[in-house]
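Subject: Structure handover

Hello,

Please find the structure below, with its sequence. My notes on one part of it come after.

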Amino acid sequence: MVSRRPAPPRRPKRSAAQKPKPPRALEVVGLPVPLELRESARATRMTLRVDPGRGLVQVVIPVGVSETDARHFIGRHDGWLRARIAALPPSLPFEDGASIPYLGAEHAIRHTPELRGATRIEDGVLLVGGQAGHVARRVRDFLVNEARRELATRAREKAATIGARVAAVTVRDTKSRWGSCSSTGRLSFSWRLILTPEPVLDYVVAHEVAHLREMNHSARFWALCASLTTGMGAAGVETPRAWLKANGTRLLRYG
């Protein structure tokens, strides 16, 4: 992320009536990805962030900073921005012939128009019926449903071993975290975990279930997390954590 305080003389005072405008597209000639301009009442400086999941650059500005100043800010960091964009993994669409990981194992997508029944995996191939224009949606729906089933089952099984109760399990397309646990026992996960190797998915579930007992990251939490992670010792959780750090951006490029 790049940030820099705008020059004070160029930043108008914000009245109490001023509120952030909704996020909007910002046209900058020559950049290979879209830009989104977002005003923030809490921001004290302008920032740039490449969002790999959405395939765009987000420009955050304090309320009252002009669009012209935002453009100048982007221009001053053009080299940094282009380098980050170039380093992004390629987009990986769900289409006939593409290969996607399911619990870490690669599966080819095969569009089979005459297929009867739901999308399914057979012999390492993901079979998708219906019209060609619906392949991407059908693949995504299949993966989301599989993630919901796998994550909910594991979460409840692990919670039962420590006498905890899972209030609900939801699956979303979160971009900044793989899982979360609320104080009311509601667990939320990214559906993209179904793309990861099984030990990685298992670790994320164990991590959030451990928060049902320890809403912190203390030594007791990590010991509990390790005990809930299948086949891992106390130091074993570092392997799936490292895998997510190394591969998380690529997972956001699928679909």
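What follows is a short account of one sheet and the elements around it.

Please keep in mind that this is a predicted model.

The sheet is open and has three strands, in the order 10-12-11, with mixed pairing. Strand 10 and strand 11 are the edge strands, each pairing on one side only. From one strand to the next, the twist averages 15 degrees.

Helix 3 (residues 135-161) packs on this sheet and touches strand 10 and strand 12. The direction of helix 3 makes about 150 degrees with that of strand 10. Helix 4 (residues 198-210) also packs on the sheet, touching strand 11 and strand 12; the direction of helix 4 makes about 155 degrees with that of strand 12.

Now the pairing in detail. Strand 10 (residues 168-172) runs parallel to strand 12, and five bridges join the two. Here Arg172 lies opposite Ser190 of strand 12. Strand 11 (residues 179-181) pairs with strand 12 in the antiparallel sense, over three bridges. Gly179 has Phe189 in strand 12 as its bridge partner, and Ser180 stands opposite Ser188 in strand 12. Strand 11 and strand 12 make a hairpin, with four residues between them. In the turn, Gly185 has a positive phi of about 90 degrees.

Finally, strand 12 itself (residues 186-190): four of its five residues are buried, so the strand is largely enclosed by the rest of the structure. Buried here means under 20% relative accessible area.

Regards

Conventions:
Residues are numbered from 1 along each chain as its sequence is written. This is a predicted model: local features need pLDDT of at least 70, side-chain atom pairs count only at pLDDT 80 or more; totals for chains, interfaces and linings use all residues. Side-chain values use heavy atoms; hydrogens and water are left out. Buried means under 20% relative accessible area, exposed over 50%, partly exposed in between (1.4 Å probe, protein chains only). Two strands pair if DSSP finds at least two bridges between them. Axes are lines fitted to C-alpha atoms, for helices over the stretch in contact, and angles run from 0 to 180 degrees between N-to-C directions. Contact means heavy atoms within 4.5 Å.
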